[in-house]
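The following exercises ask the reader to reason from a sequence and its model. Each task is followed by a solution in steps.

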Amino acid sequence: MLLTGKMAIISGAASPRGIGLATARRFAAEGARVAILDIDAGAAADAAASLGGSHIGLGCDVADKSSCEQAVARVIESFGGIDVLINNAGITQPVKFLDISPADWDRIQDVNLKGILFLSQAVIPHMRARKSGSIACMSSVSAQRGGGIFGGPHYSAAKAGVLGLAKAMAREFGPDGIRVNCVTPGLIGTDITAGKLSDEMRVKILEGIPLNRLGTAEDVAGIYTFLASDLSAYVTGAVIDVNGGMLIH
């Protein structure tokens, strides 16, 4: 098992068909103890309970610094340490550029980008003291190609910001033994995309994906598992595409 003895935090991991919970399941299967953080505390507790007895679920608003600090403190109290942080929490909004309101912009940036700042700031001092840690951040193919299928330009901007922030973190905290990497999924079948793809849209999208299928939450969970494990011990500042070839650089 790849993660035996490791303690991991995964944010935004309570959605039944989401990437976060799929990652939590994979981590648990690989031997890790998992703390699921979600803005819905009840859903987080239920999701953790579905993994088995050694895991915990806590409420956390990643856009609120004190909420992140309190959640991380509770995880350390329960687990005794944190080896892995998966900054997975995110939201999207399908809206055109000229229709983005100030409130829209702030909400998308707060969860997708500021949330990574706050949760990482809460975890890194602990990792720094231990001279060890792996952080993986959720970006998107939308950041790389200037737009996705569902997210608006403010979503693309936030996810592009994640790439820059994570690379800067990797550079700053590498000497402390902390690795920081990004994952850039393409179109993944989750609750966010459920019911929004017409048959015509699906056919058109698949024409641009060499592997000729949409991604699954488990596809992304596998990459998170690699980044959390010692298999990626010499990988930091990297961006790993999980898009079936939708974007080939």
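The exercises below concern a predicted model and treat its sheet, its strands, its cysteines and one loop residue.

**Exercise 1. Determine the strand order of the sheet and identify the strands at its edges.**

Solution. Step 1: the sheet is open and consists of 7 strands, and their order is β3-β2-β1-β4-β5-β6-β9. Step 2: the pairing in this sheet is parallel. Step 3: β3 (56–59) and β9 each have a single partner strand, so they stand at the edges and one side of each lacks a neighbour in the sheet. Step 4: from one strand to the next, the twist averages 20 degrees.

**Exercise 2. Describe how strand β5 is joined to β4 and to β6, giving the bridge counts and a partner residue for each pairing.**

Solution. Step 1: strand β4 (residues 84–87) runs parallel to β5, and 4 bridges join the two. Step 2: within this pairing, I86 has A136 of β5 as its bridge partner. Step 3: β5 also pairs with strand β6 (residues 178–185), in the parallel sense and over 6 bridges. Step 4: here the bridge partner of G133 is I178 in β6. Step 5: the connection from β4 to β5 involves helix α4 (residues 102–130), and the three elements make a β-α-β unit that is right-handed.

**Exercise 3. Compare the two faces of β5 with those of β9: which residues are buried?**

Solution. Step 1: in a regular strand, side chains alternate between the two faces of the sheet. Step 2: for β5 (residues 133–138), 6 of the 6 residues are buried. Step 3: G133, I135 and C137 occupy one side of β5, S134, A136 and M138 the other, and both sets are buried. Step 4: in strand β9 (residues 239–242), I240 and V242 point to one face and are buried, whereas V239 and D241 point to the other and are not. Step 5: β9 is joined to β6 by 4 bridges in a parallel arrangement. Step 6: the buried I240 is the bridge partner of V183, while D241 is the partner of T184.

**Exercise 4. Decide how many disulfides the model contains, and explain the outcome for C68 and C182.**

Solution. Step 1: a disulfide is a covalent bond between the sulfur atoms of two cysteines. Step 2: the criterion applied is a pair of cysteine sulfur atoms within 2.5 Å. Step 3: for C68, the closest cysteine sulfur belongs to C60 at 4.0 Å, which is too far for a bond. Step 4: for C182, the closest is that of C137 at 5.0 Å, again too far for a bond. Step 5: the count is therefore 0 disulfides under the cut-off of 2.5 Å. Step 6: C68 is buried at 0% relative accessibility, and C182 is buried at 2%.

**Exercise 5. Characterise the surroundings of S140: where does it lie, and is it buried or exposed?**

Solution. Step 1: S140 is placed in the loop between β5 and α5 (141–145). Step 2: its relative accessible area is 7%, which means that S140 is buried. Step 3: a polar atom of the S140 side chain lies 2.9 Å from the backbone nitrogen of S142. Step 4: with neighbours within four places in sequence left aside, S140 is in contact with Y155, K159, V183, T184 and P185.

Conventions
Residues are numbered from 1 along each chain as its sequence is written. This is a predicted model: local features need pLDDT of at least 70, side-chain atom pairs count only at pLDDT 80 or more; totals for chains, interfaces and linings use all residues. Side-chain values use heavy atoms; hydrogens and water are left out. Buried means under 20% relative accessible area, exposed over 50%, partly exposed in between (1.4 Å probe, protein chains only). Two strands pair if DSSP finds at least two bridges between them. A crossover is right-handed if, with the strands pointing away from the viewer, the path from the first strand over the helix to the second runs clockwise. Axes are lines fitted to C-alpha atoms, for helices over the stretch in contact, and angles run from 0 to 180 degrees between N-to-C directions. A polar contact is a pair of N or O atoms within 3.5 Å; within protein, one must be able to donate a hydrogen and the other to accept it, and residues adjacent in sequence count only if both atoms are side-chain atoms. Contact means heavy atoms within 4.5 Å.
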